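Reader: I am new to this structure and would like a close look at a single part of it. Please pick one part, go through it step by step, and then place it in its surroundings.

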Amino acid sequence: MSLDLFFQYLFAGITYGSIYAIVAIGFNIIYNATGIINFAQGEFVMLGGMISISLLQFMPLPLAIAGAVVITMGIGALIEILFIRWLESPSVLRLIIITIGISILLRELALHVWGESIRSLPYFYGNEITTFSLGSVHLSPQVMWVITACAVMVGGLNVFFKGTPIGREMRACAANRTAAMLCGINTRNMVTLSFMLSAGIGALAGCVMSPITYTQYDSGASLAIKGFTVAILGGLGNSMAAVAAGILLGILEAFSVSVVPLAFQDAISIAILLLILFVKPHGLFGSSEAARLKDF
Amino acid sequence: MKRRKNLAIAALCLAAVCVHLLTLLTGTQFYLTQATMAAYYGLVIIGLGALMGYAGQISIGHAGFFAIGGYLAASLTTRNLAVFQETWPLRGLDALNMLKTGQDLSGDLLLTVSPWAACGIAVTTAALIALVIGIPVLKLKGHYLAMATLGFGTIIYRILLASPYFGEADGISEVPGFTLLPAMGTLGPIVVSGDAGLRVVNYYLAWGVLIVGTLLLLNLIGSRVGRALRSLHSSEEAAEAAGIDTSRFKLQVFVLSAVYAAIAGVLLTHFNGGIGPSEASVMKSVRYVALVAVGGMTNLWGTLLMGVGLTFLSLRGVFGTYDDAVFGMILIFVMLFAPEGILSLRLKLFFQKIFLGARS
Amino acid sequence: MNKRVQHYLGGCVTGVLLLAASLQTAQAGTVKVGAIFAVTGPASFLGGPEARSAEMVVEKINKAGGINGNTIELIVKDSAGSSEKAVSFAKQLIEEDKVVAIIGPSTSGESMAVKKIAEEGKTLLISCAAAEVIVDPVASYVFKTPQKDSFAAQKIFEEMQRLKISTIAIAAGNDGFGKAGKEQLEKMAPTFGIKVAASETYDSKATDLSALVAKLKADPAIGAVINWSVVPAQAIIAKNMRQAGWNVPLFQSHGFGNIKYAEAAGAAAEGIIFPCGRLLIVDSLADNNPQKGLLIQYKSEYEAKYKEDASAFGGYAFDAINMVVAAIKKAGNDRAKVRDAVEGLTKFPGVGGIFSFTPQDHNGLDIDSFAMLTVKDGKFIPYKGQ
């Protein structure tokens, strides 16, 4: 393999990886606050894309994206209040199934609202064929937007969770709900907040990736599976690890193209993931002690 | 307790006969087609129910086992093996009288595996795969277990979708019927196939398989192993402390549920005359999990009734383009208001009286 | 009516259904036509426009008084692209609803799964899926409306010969459409003296294909790429090729015949060459073209009713329902006679082309049903070579 080709695969892998990572981060926020995986996370990504595309007819792009993020955050909050908030100590399995149900509902709703055809936001900078070159490798500027968004999110979340009172309360709530409540933290509001936050992040992800991947009513499910995979591979709850795992999976997929038929790409990359999981049952960067506290 | 169980099984048999008679009286026998299909899906669902409810293990990959059964049965009974005629596996099969010869469209030799042998190979393969992946997978917990089973299902789906041998996106069609018993005396042959003339036979066959499957599971649940299983669901640590080899039990139930799924896959494929990749998709696995949840995880009868009932309605297209939406709604509703399954609502008392045998 | 009520009671179906039953007024003069389309699920971009087109036609005919005074009842079943549902629905439509004909299914896999059922049930089936195996070997009750893949492949290869391209790469989606096309391309390439250097299948839900493009681009011999799919990924591959600075000609299949894909690929769609029916270039047709009036009618009616661009996919169902209607007009409410009437259709103008069926040919279209199109300034225009 020539050096050229190597770098082309590498950058393709980074493109895939940053898309997976940006979805995985949303999983981690809710997991951190509640200990559950929200299977409707992919639908937040789809909603973000769809709403911003619809808003774009009435306002400029930055406003449309902001509007989509706010509206999706509202939807996230609404979902939490309607379906999760009032449950008395629900089991994790029950919550998983509820979120699967919500994901199905949101998808079908989107089908009947927006129809089945594909849509996309315009490229933020340039158009479909604009690229800049790194040596012999060409890269779309939109990929840079995705990577930047990813970095900003991880950085912002780190500051939020470690540096702000609300962030610390959320973490406390995740570590031990009862103890957090005894300390005077309104744990229910924290859960609502975590849903809003992850919905907003999902929506933002949906906007920045829309020019690359397009948005369709059912694009959420496959993204969610990849995002979930990446979140697990990194070790649940750790956003930095999710980014690392996302890029790893992306690169794995990109390079696998050179040796196996593309059709088997997913089978191969997931088989490798499973092997990793068997050797390190709590993800690449997760600690077994921490994970033991949260199992259902 | 045992008598109640037998009573319940008898009631189920009676219900199956009554449904047939009812359709006969009203001239609506075409309902039996979907009732047959739903019964096979019911077999997958009760197997998964035992795994989720009694062994406490989630599996978002059971459509994979169904597909292994269905696809192997379909490919072995349709793909021409004439070019491999002289290789040792085929000679072995031939020696066991497990090959079927015929002519293809252009009159050349068509060599396929007989349905019985194909069924055996398919179910054994599914069991072996369940055994091999079950050992590492069942060591995982919680979301990691969900991920691993989801991953397994995805791998199977991808392989089927990428392999020309399995028909890629088109799947396999023109699968022949499966002659279980040849014609004897005045009795017609028992063939698993979608022919309109064999509808009633197939209906009873499917329900027979489902009832036998239920009976076996009920026995398992009532046995010492079953009590161990139930303790697994409530507390694995406690079960281990009581000297129960939990990992072995989990593995046994996992393999058993995989075998159920594979058998359902084989039979339904012969009944439908084909199979497509949608049978292996993640959505299908999620659907099985959801149906188990709707029925109530530690309630075999609830799982059976809801699984068969909802699948029947879905196969008839009652919900139109809202099929998935209705399904999602039921899922949320049941999980919000009746997490023990829909039968735990006001019907509970009524059903408990009749079906107490199935409950703890 | 009585019988219908019994059906529903027997099934213990929900109140929703009972409501639907009470709304249906099954009077004597009703002809039932079944439809199986993947309105939801992974093939919804086929099934959606197909179902809408068929419903539009039926609505219009019923408004105008039906066929010979009989109204048509179109029973649309959503298979979500899964063959087991298609099988169940086909049996239901044939045995229970006693339809005179079925249009659909949308995908090749489903069509193959129900082929035998239609044949045994002696009910006309007009498939809207592309694969040639649906009508080859010919089954007496099974027809299909989309143009043959082999004609599309031939058109593309002829153009390649003209452009003196000798080595190509094939990329296809992992759906039934992609599979059937890929098989035809691989089979026919040698007869045109064209070498297939690489042949890859990508996931229908692929989000980016730059790794595939990098792999193909690394082989300097490849002079053109043929992409064959119906999914959004066909716009993605166009973008990724141009982004990689790879400017070999990109050929697409008739699955590209939806302006949405050209819009999605934007600047990267410029210069894509693909064979397609004439619906997309109706404005540039000569006035004496026998298809022109019909194409304008379909396009304007569809776009007025559904506020979205008409695509070749909807046209498949439009043709299928029109054939059934024409056959019912001639033969009445009788399955065997309707089948014979469809087989007897000659010079029947449709969106896909001019259909002339024979007992040996249940597709009825010739290679002229395709025109070569290209994209210029975001619009489809006839391709005139360079």
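Author: Two strands count as paired if DSSP finds at least two bridges between them. The model discussed here is predicted. With that, the part to look at is a sheet in chain C: 5 strands form an open sheet in the order S2-S1-S3-S4-S5, and the pairing is parallel. In general, strands of a sheet pair through backbone hydrogen bonds, in either a parallel or an antiparallel way. The edges of the sheet in chain C are strand S2 (71–78) and strand S5 (142–144), each of which pairs on one side only. Direction ignored, neighbouring strands of this sheet are turned by 25 degrees against each other on average.

One pairing can be followed down to single residues. Strand S1 (residues 30–37) of chain C runs parallel to strand S3 (residues 101–103) of chain C, and 3 bridges join them. Gly34(C) has Ile102(C), in S3(C), as its bridge partner.

Helices lie across this sheet. Helix H4 (residues 83–96) of chain C lies across S1, S2 and S3 of chain C, and its direction is at about 175 degrees to S1(C). Helix H13 (residues 335–343) of chain C lies across S3, strand S4 (124–127) and S5 of chain C, running at about 40 degrees to S4(C).

Next come the domains. The domain assignment of chain C gives domain 1 as 29–147 + 295–355 and domain 2 as 149–276 + 370–382. Taken over C-alpha atoms, the centres of domain 1 and domain 2 of chain C are separated by 29 Å. Their contact takes 16 residues from domain 1 of chain C and 17 residues from domain 2 of chain C. On the side of domain 1 of chain C that touches domain 2 of chain C, helix H3 (44–63), helix H5 (108–120) and helix H12 (312–331) of chain C each supply at least two residues. The residues of that side of domain 1 of chain C divide into 9 nonpolar, 5 polar and 2 charged.

The whole of chain C has 13 helices and 14 strands. Its radius of gyration is 21 Å, close to the 21 Å that the globule rule gives for 386 residues, so chain C is as compact as a globular protein of that length. Along the principal axes, the C-alpha atoms of chain C fill a box of roughly 70 × 45 × 40 Å. Of the 386 residues in chain C, 58% are buried. Among the contacts in chain C with a separation of 6 or more, 68% join residues 24 or more positions apart.

Outside chain C, there is the contact with chain A. In this contact 32 residues of chain A meet 31 residues of chain C. Helix H1 (3–34), helix H8 (187–213) and helix H10 (239–259) of chain A are the elements that give two or more residues to the side of chain A that touches chain C. H1(A) gives the most to that side, with 8 residues. The residues of the side of chain A that touches chain C comprise 15 nonpolar, 14 polar and 3 charged.

Chain A also meets chain B: 31 residues of chain B are in contact with 32 residues of chain A. H6(B) gives the most to the side of chain B that touches chain A, with 11 residues. That side of chain B divides into 22 nonpolar, 5 polar and 4 charged residues.

Technical notes:
Residues numbered from 1 in each chain as written. Chains lettered and ligands numbered in written order. Predicted model: local features only at pLDDT ≥ 70, side-chain atom pairs only at ≥ 80, totals over all residues. Contact = placed C-beta atoms within 7 Å. Helix = DSSP H or I, 4+ residues; strand = E, 2+ residues; numbered from the N terminus. Nonpolar A, V, L, I, M, F, W, Y, C, P; charged D, E, K, R; others polar. Rg over C-alpha atoms; globule rule 2.2 N^0.38 Å. Buried ≥ 20, exposed ≤ 12 C-beta atoms within 10 Å, placed from the backbone. Axes fitted to C-alpha atoms, helices over the stretch in contact; angles between N-to-C directions. Domains from an automatic or database assignment.
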